[in-house]
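Here are my notes on the model you sent over. Have it open while you read.

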Amino acid sequence: MWETPTLLGSALTQTMWTADEIARLCYEHYQTRLPKQGKPEPNREWTLLAAVVKIQPAIDQACGGANKPVQVTKEVVSMGTGTKCIGQSKMRKSGDILNDSHAEVIARRSFQRYLLHQLHLAAALKENSIFVPGTQRGLWKLRQGILFVFFSSHTPCGDASIIPMLEFEDQPCCPVSRRWASKPSEEASGNPETPEDEKNYEDLGSPVTKKMRLEPGIPDGVAHCQSLDNQESGPVPPTVSSSDVPTQELATVTGRAPSGAKVVDVYRTGAKCVPGEAGDSGKPGAAYHQVGLLRVKPGRGDRTRSMSCSDKLARWNVLGCQGALLMHLLEEPLYLSAVVIGRCPYSQEAMRRALTGRCQNVSALPKGFGVQEVTIQQSGLLFEQSRGAVQAKRADSPGRLVPCGAAISWSAVPEQPLDVTANGFPQGTTRKAIRCLQARSQISKVELFRSFQKLLSSISEDKWPDSLRGHRETQAFDAYPLT
């Protein structure tokens, strides 16, 4: 069901970690290092988790032989939780609000904060930095042998969550009313004005089910379930016989004709196609979605402008995770070596398509940039505060199961590593305090820019890279593009 470890770089001829080890490390970090504040209310709320794990060869083995197994250290360097994003009317040009608080995005922004701290150490000539001087003035490169693995407790929302649903004789899918086929639910944007009991939510990566069984021998590692439970109202997919779906249409979902198993439907994402894309057909069954398209996270009422997590991971796999600011100080982009997904509905084929396959025709990139062949694996370990896990624990408990409204950011930095936000601002921020410095998340655009300015101020200007020498963009916030 889950892939065995594969080669992740020339420095590690035999990897010494597995997908389950990565997942377990992240879950333990969540339990022990993150505060109670910002976590879901027991038996009533659920959340999603993402993290970046640093993989580094042991010092005495960094130069081991070509065929010698390498012992590695594994360390969580950033972590994020969250399920919400703000609507477009709440976005601010000042960069002091978090537009997207999905766990994957929080983890990546927390990772950028970690990278800024590591560059501070490098600039101060500290030996424990992950960066070493590059070949060009003012530029740094990643220390040899260090790799980064991205973990998400759930399949990223958008294209990667459009997963073929297979039917087996001992696992029939339940029928559903016509209303499901004609009116798929949408995710709430996280607006404080929208009553909680009126919100519907996107699957945030792909649906979690009330009852999930991971069967051996299923093609492409697809997790199958008895009923689809990706929305607050708990709809299930329509029952469609594979004989009713043309093979050509199935190919648009699975990339190939299924062998043996019946395809009855696809897991559906609430993410909407961006303007200009072909759009979904809306046909019942496996042809409901068009795959490979760019999508935005949906909102009820106030639409969002946040791209789906599948699209963002695909972008990071081409442009790197460092962002535009840090690229000024790096000799080459910083890419993820692997992506690990927790136990949930999953398709290896859909993940590969979403993260790398649809980017193969990207061209005219600057030197050093390109589509990476990232390793993708799934763990068999379930996140204890995922929707599926909480649903199973609460059984017939009264009340409605809802997503946690808060997001937690954690970075491996010495000062203020934790950051808990809600609706894009630090949790507890009042409307009157919104424009105050204290009302800024540590991973907001403006605060990351301030950290970048602080880093530059610690470096002599004659040691700045050529891209910054003679320019004053770093002195004024609104003069620099925040990416």
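The points below cover confidence, one sheet and one pocket.

1. First, the ground rules. This is a predicted model, where local features need pLDDT of at least 70, side-chain atom pairs count only at pLDDT 80 or more, and totals for chains, interfaces and linings use all residues. Residues are numbered from 1 along each chain as its sequence is written, and side-chain values use heavy atoms, with hydrogens and water left out.

2. On confidence (pLDDT, the predictor's score for each residue, from 0 to 100), the protein averages 77, and 71% of the residues score at least 70. Residues 1–14 fall below 50, yet this stretch has 45 contacts (heavy atoms within 4.5 Å) beyond near neighbours in sequence. Residues 254–259 also stay under 50, with 12 contacts beyond four places in sequence. Where pLDDT is low, don't read the predicted coordinates in detail.

3. Now the sheet. Its eight strands (DSSP runs of E, at least two residues; helices are H or I, at least four; both numbered from the N terminus) form an open sheet in the order β16-β15-β8-β2-β3-β18-β19-β20, with mixed pairing. Pairing takes at least two DSSP bridges between two strands. β16 (375–378) and β20 (425–426) are the edge strands, each pairing on one side only.

4. Look at the β16 edge. β15 (residues 338–341) runs parallel to β16, joined by four bridges; Ile-341 has Gln-378 in β16 as its bridge partner. Helix α7 (residues 348–355) lies across both strands, at about 145 degrees to β16 (axes are fitted to C-alpha atoms, for helices over the stretch in contact; angles run from 0 to 180 degrees between N-to-C directions).

5. What lines the second largest pocket, by class? Seven nonpolar, six polar and seven charged residues. α2 (103–123), β19 (418–422) and α9 (445–457) each supply at least two lining residues.

Note on methods: Nonpolar A, V, L, I, M, F, W, Y, C, P; charged D, E, K, R; others polar.
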